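Good morning, colleagues. I would ask you to look at the chain on the screen while I go through a few of its local features and helix contacts.

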Amino acid sequence: MMQKEISKSVLRRLPGYLAYLKAMPEDASPNVSATFLANALGMGEVQVRKDLAMVSDGGRPKVGYNRQLLINDIEQFLGYDNTNDAVLVGAGRLGRALLGYSGFAEYGLNIICGFDVDENIIGLTKTGKTVLPMQELERVCRERKILMGILTVSEEYAQQVCDEMIRYGIRAIWNFAPVHLNVPEGVLVQNENMATSLAVLSKHLSAQMKTSL
């Protein structure tokens, strides 16, 4: 189907649908409806119906979607069927954990290597992915035509490294540093703010505890 303009909020919800669909048992019904997914995920039926219509035209009245075809449509829309090469800058504990995580391949992400300034880390290998010196970043990005970067450096160096990535051709940055990055138009930044996530969880737990008293 022809891809439509889609919001970031929809993009954030699609992986949730995909994960649930793929986790369904093999003997489950081959068809699923927006109503079924909404109930299973605790979401609004209208929202789910709109989201699915953005990425698939396979829905049928009173039948729903063929589950496997819907999985294929979502994966294709998200680009999971096309591996995206990426580089990671900041090979500390978090960086090395991401570098060694093989599960990214399922989502079409291939981190080809990491970069760091610490000589004690340079040369380390995680599942075949080597940590290289920062001086090699430009060469690797330009030779491999890398468009995606993962940023796991400390707050004080995040903007500097972000600027370098952009100069070397990167157009999408997955940012784990707890700082707002200033980027030019056309460059997308996806922030993973752990403090925000923790605050949401803490607030939820606090509310739950109050209602149980």
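Lys62 is exposed, because its relative accessibility of 91% lies over the 50% cut-off. I should say at once that this is a predicted model. Lys62 sits in the loop between H3 and strand E2, the latter covering residues 65-66. Its backbone deserves a remark: phi of Lys62 is near 65°, a positive value in a residue other than glycine.

A second lysine can be described in similar terms. Lys145 is not a glycine, yet its phi is positive, at about 55°. Lys145 belongs to the loop between helix H6 (137-144) and strand E7 (148-151). Is Lys145 buried or exposed? With a relative accessibility of 67%, Lys145 counts as exposed.

Let me now place these loops in the whole chain. The protein chain has eight helices and nine strands. Its C-alpha trace spans about 60 × 50 × 35 Å along the principal axes. Of the 213 residues, 34% count as buried. If we take the contacts in the chain with a separation of 6 or more, residues 24 or more positions apart account for 57% of them.

Tyr80 is another loop residue, placed between helix H4 (67-78) and strand E3 (84-89). Tyr80 counts as buried, because its relative accessibility of 18% is under the 20% limit. Which residues does Tyr80 touch, if we do not count those up to four places away in sequence? They are Pro15, Leu18, Glu75, Glu106, Tyr107 and Gly108. For Gly108 there is also a backbone distance to report: the C-alpha atoms of Tyr80 and Gly108 are separated by 4.2 Å, although the two residues are 28 residues apart along the chain.

Two of the residues touched by Tyr80, Pro15 and Leu18, also take part in a helix contact, that of H1 with H4. Two packed helices are described by the angle between their axes and the distance between the axes. For H1 and H4, the axes come within 10 Å and cross at roughly 145°. The crossing of H1 past H4 is left-handed. On the H1 side the contact involves Leu11, Leu14, Pro15, Tyr17, Leu18, Leu21 and Lys22. On the H4 side we find Arg67, Leu70, Ile71, Ile74, Glu75, Phe77 and Leu78. By residue class, the contact of H1 with H4 divides into 11 nonpolar, no polar and three charged residues.

The second helix pair is H2 with helix H3, which covers residues 45-55. Their axes come within 8 Å and cross at roughly 120°. That angle makes H2 oblique to H3, because it lies outside the 65 to 115 degree range counted as roughly perpendicular and is not over 145. The crossing of H2 and H3 is right-handed. H2 contributes Ala34, Thr35, Leu37 and Ala38 to the contact, while H3 contributes Glu45, Val48, Arg49 and Leu52. These residues of the contact of H2 with H3 comprise five nonpolar, one polar and two charged.

I turn finally to the aromatic rings. A pair of aromatic rings is described by the distance of the centres and the angle of the planes. How many aromatic pairs are there, if centres must lie within 6.5 Å? The count comes to four aromatic pairs. One of them is formed by Tyr20 and Phe36, with ring centres 6.3 Å apart and planes at 55°, so the pair is tilted. This pair links distant parts of the chain, since Tyr20 is in helix H1 (residues 8-23) and Phe36 in helix H2 (residues 34-41), 16 residues apart. Tyr20 is partly exposed, at a relative accessible area of 29%, and Phe36 is also partly exposed, at 36%.

Tyr101 and Phe104 form an aromatic pair as well, with 4.9 Å from centre to centre and 90° between the planes, an edge-to-face arrangement. Tyr101 counts as partly exposed at 46% relative accessibility, whereas Phe104 is buried, with a relative accessible area of 11%. Which residues form one aromatic cluster? They are Tyr101, Phe104, Trp174 and Phe176.

Thank you for your attention.

Note on methods. Residues are numbered from 1 along each chain as its sequence is written. This is a predicted model: local features need pLDDT of at least 70, side-chain atom pairs count only at pLDDT 80 or more; totals for chains, interfaces and linings use all residues. Side-chain values use heavy atoms; hydrogens and water are left out. Rings of Phe, Tyr and Trp (its six-membered ring) pair if their centres lie within 6.5 Å; planes under 30 degrees apart count as stacked, over 60 as edge-to-face and the rest as tilted. Helices (H or I, at least four residues) and strands (E, at least two) are DSSP runs, numbered from the N terminus. Buried means under 20% relative accessible area, exposed over 50%, partly exposed in between (1.4 Å probe, protein chains only). Axes are lines fitted to C-alpha atoms, for helices over the stretch in contact, and angles run from 0 to 180 degrees between N-to-C directions. Angles under 35 degrees count as roughly parallel, over 145 as roughly antiparallel, 65 to 115 as roughly perpendicular and the rest as oblique. A crossing is left-handed if the near helix is turned anticlockwise from the far one by less than a right angle, and right-handed if clockwise. Contact means heavy atoms within 4.5 Å. Ala, Val, Leu, Ile, Met, Phe, Trp, Tyr, Cys and Pro count as nonpolar, Asp, Glu, Lys and Arg as charged, and the others, Gly among them, as polar.
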